[in-house]
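Walk through this protein from its surface to its sheet. Keep the chain in view as you read.

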Amino acid sequence: MQVKQEKPEDEGYQVFEHFSQLTLPKIVFNALNGSTEVTGIAVVGHAGIGKSAYVYNSVKVGYMLKLCHNQGIGLDDAAGCWEYITEEYGDVCFGKQCEELDELDKKLREYVFVGNEDIERLVGVLRNVYAGKRRPLPVLFLDDLALKGLYQMGGRYKELHIALKRLYQFRRVAARLTLVTSPSR
């Protein structure tokens, strides 16, 4: 007889439980485990509608599911996974109320590039992957960095534009799953 675990009432758990049932976190989970086809997903829409939050939370939950799966915790055991994650990694925060990065956010920086401060890091990672100095990423999340007008801005934006063009051409080499948010196609 299986004992049903109590659901935590924590707001973070509620977000985790909801996202763990969605398709995108499961795609991220599969990419992190190397069991998905090489693919790219673009989430496009007006500024401020939650594209970045949706994709970032999906990446975070997919990563959490992978950590739990590695410990033998099933994908359908949200309460057991949450308990393991919070015991092992401490408090987990979702959303704008987070004042600082939690331990999982720090680990996800390897896959997530979210703004101007990440341009040099992204270009460096892509160069190393293209040169064979680094393994391809299982997941690459570009938040509003893949914009058309980058080339005309010159400097590091031109460098980023060129690296992203190569990413488009060689995405199978760079990452198993590439996620992009953008205000336009």
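**Surface, elements and sheet**

The protein exposes about 10,900 Å², and carbon and sulfur atoms supply 49% of it. Accessible areas come from the Shrake-Rupley method with a 1.4 Å probe; for residues, only the protein chains shown count as cover. This is a predicted model: local features need pLDDT of at least 70, side-chain atom pairs count only at pLDDT 80 or more, and totals for chains, interfaces and linings use all residues. Residues are numbered from 1 along each chain as its sequence is written, and side-chain values use heavy atoms, with hydrogens and water left out.

Of the 185 residues in the protein, 44% are buried (under 20% relative accessible area, 1.4 Å probe, protein chains only). Contacts (heavy atoms within 4.5 Å) reach along the chain. Among those with a separation of 6 or more, 73% join residues 24 or more positions apart.

The protein has 9 helices and 4 strands. Helices (H or I, at least four residues) and strands (E, at least two) are DSSP runs, numbered from the N terminus. From that end, the elements run α-α-β-α-α-α-β-α-β-α-α-α-β.

How are the strands ordered in the sheet? The open sheet of 4 strands has the order 1-4-3-2, with parallel pairing (at least two DSSP bridges between two strands). Strand 1 (39-44) and strand 2 (112-113) each have a single partner strand, so one side of each is left without a neighbour in the sheet.

Strand 1 runs parallel to strand 4 (residues 175-182), joined by 6 bridges. Ile41 has Leu179 in strand 4 as its bridge partner.

Now add a helix. Helix 2 (residues 23-32) lies across strand 1, strand 3 (137-143) and strand 4. Helix 2 runs at about 145° to strand 4. Axes are lines fitted to C-alpha atoms, for helices over the stretch in contact, and angles run from 0 to 180 degrees between N-to-C directions.

Methods. Buried < 20%, exposed > 50% of the residue type's maximum accessible area, 1.4 Å probe, protein only.
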